[in-house]
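The exercises below are meant to be worked through with the structure at hand. Each task is followed by a solution that goes step by step.

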Amino acid sequence: MELDERKKIILHAVIRNYLETGEPVGSRTISKYTDLNLSSATIRNEMADLEEMGYILQPHTSAGRIPSDKGYRFYVDMLMAEKEKEVEEMKEVLVQRQDKMETLLKHVARALAQNTQYATMISAPQSRRNKLKFIQLSRVDAQQILAVIVSEGNVIKNNILHVKEDLNDETLLKLNILLNTNLNGLAIDEINLGLITLMKQQAGIHSDIVSEVIDAVAEAIHAEEDLEVYTSGTNNIFRYPELADHKKASELINAFEEKQLLGEILQGDGESTGIQVYIGAESPVQSMKDCSVVTATYELGDGMKGTIGIVGPKRMDYDKVVRTLRRLQTQLDDLYKNENQN
């Protein structure tokens, strides 16, 4: 006999309650524990079926039930399947969101270049103080496990960890619970030696895996993501005689092709959130010493920030540029929300 949905819910409730209390679970407890709105008599009948099917046991007469090995196995398999589904769904959503964000930022850079008649650049949003959101360990083979690490901003990192022994589902489940219970919501500087020591003690013989996962978390949170920068209007540089000199124009064009150079301007000190104006030699990029660069930081919530930049001659229309950037700062969040709703 296969488990119907009602039996699955009751079995799940028995196991969860037993895990929390360590005491045999009775039908009255289950009636309060679930939202099935079933009578104690109906639950008793369902529990009797579950016992007959081998999913729960009655340790002694008149006692409640406890999970059997078969019941634990069903619970673990169901839980792992749910986690796998969650990660896959999250990946699909993130891919769609990333595609929409890329389209949006390219559109903004192009529209900004057309509006100002200067060269423009815009960086994709990044988190300034990344925190851990979720960890999932799953088996690849007898010698390897996959650690999926999701950090703030929904950045997913996959790390293959090598293990000395084949870990069963129960062990992986316990490690997943241990890691997520202790680490979720923490920034890397909040994961201190005391917490690590406690987790390793709780992991027992698998403490080396905890160490490797924490190293992978630190790498995922600290990793400097390749800065995505979208540019437009570089040919506008030739509109201005003082920048149209072959050597100057060539240096500027090359600078726009070097993501690292643009990052020096767009990332700034990582703290400024207002309008920044660099005139001539004030620019962090030497090849822009004959230009003026105006930048503004935009925010999308959840600590995600990016920067918009406009590059033009020193005689640029500062008033128009600053007004345009201030307006864009307030509009970009709405544009992002609308794009994600479509």
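**Exercise 1. Describe the second largest pocket of this predicted model and say where it lies with respect to the domains.**

Solution. Begin with the volume, which is about 360 Å³ for the second largest pocket. Next, collect the lining, which consists of Arg16, Leu19, Glu20, Tyr72, Tyr75, Val76, Leu79, Glu170, Leu173, Lys174 and Ile177. Assigning these residues to secondary structure shows that the elements giving two or more residues to the lining are α1 (5-21), α4 (69-116) and α5 (169-183). Sorting the lining by class then gives seven nonpolar and four charged residues, with no polar ones. Finally, turn to the domains: because domain 1 (5-81) and domain 3 (132-221) both give residues to the lining, the second largest pocket lies between them.

**Exercise 2. Examine the salt bridges, and for three of the pairs state the N to O distance and the accessibility of each partner.**

Solution. A pair counts when a side-chain nitrogen of Lys or Arg is within 4 Å of a carboxyl oxygen of Asp or Glu, and by this rule there are 13 salt bridges.

Step 1. Lys7 and Asp4 meet through their side chains at 3.7 Å, N to O. Since buried means under 20% relative accessible area, Lys7 at 5% is buried, whereas Asp4, at 35%, is partly exposed.

Step 2. Arg139 forms a salt bridge with Asp166, with the closest N and O atoms 3.1 Å apart. This pair links distant parts of the chain, as Arg139 belongs to strand β5 (residues 132-141) and Asp166 to the loop between β7 (155-162) and α5, 27 residues apart. Arg139 is partly exposed at a relative accessible area of 36%, and Asp166 is likewise partly exposed, at 47%.

Step 3. Glu242 and Arg315 are joined by a salt bridge between their side chains at 2.6 Å, N to O. Glu242 sits in helix α8 (residues 241-244) and Arg315 in the loop between β11 (304-313) and α11 (318-341), so this salt bridge ties together parts that are 73 residues apart in sequence. Glu242 is partly exposed, with a relative accessible area of 30%, while Arg315, at 54%, is exposed.

Step 4. To place the second pair in a wider setting, note that Arg139 and Asp166 belong to a network of salt bridges that also links Arg73, Asp77, Asp169 and Glu170. Glu170 is also one of the residues lining the second largest pocket.

**Exercise 3. Which geometry does each aromatic pair have, and which parts of the chain does it tie together?**

Solution. A pair of aromatic rings is described by the distance of the centres and the angle of the planes. The count comes to two aromatic pairs.

Step 1. For Tyr55 and Phe74, the centres are 5.8 Å apart and the planes meet at 75°; planes over 60 degrees apart count as edge-to-face, and the pair is accordingly edge-to-face. Tyr55 is in the loop between α3 (40-52) and β1 (56-57) and Phe74 is in helix α4, so the pair ties together parts that are 19 residues apart in sequence. Tyr55 is buried, at 11% relative accessibility.

Step 2. The ring centres of Tyr118 and Tyr240 lie 5.7 Å apart with the planes at 35°, so this pair is tilted. Tyr118 is in the loop between α4 and β3 (119-123) and Tyr240 in the loop between β8 (229-232) and α8, so the pair ties together parts that are 122 residues apart in sequence. Tyr118 is buried at 7% relative accessibility, and Tyr240 is buried at 12%.

Methods. Residues are numbered from 1 along each chain as its sequence is written. This is a predicted model: local features need pLDDT of at least 70, side-chain atom pairs count only at pLDDT 80 or more; totals for chains, interfaces and linings use all residues. Side-chain values use heavy atoms; hydrogens and water are left out. On a 1 Å grid over the protein atoms alone, a cavity is a set of points where a 1.4 Å probe fits but cannot get out, and a pocket is an open set with protein on both sides within 12 Å along at least five of seven lines; lining residues have an atom within 4 Å of a point. Grid points are joined across faces, edges and corners, and a volume is the space filled by probe spheres set on the points. Helices (H or I, at least four residues) and strands (E, at least two) are DSSP runs, numbered from the N terminus. Ala, Val, Leu, Ile, Met, Phe, Trp, Tyr, Cys and Pro count as nonpolar, Asp, Glu, Lys and Arg as charged, and the others, Gly among them, as polar. Domain bounds come from an automatic or database domain assignment. Buried means under 20% relative accessible area, exposed over 50%, partly exposed in between (1.4 Å probe, protein chains only). Rings of Phe, Tyr and Trp (its six-membered ring) pair if their centres lie within 6.5 Å; planes under 30 degrees apart count as stacked, over 60 as edge-to-face and the rest as tilted.
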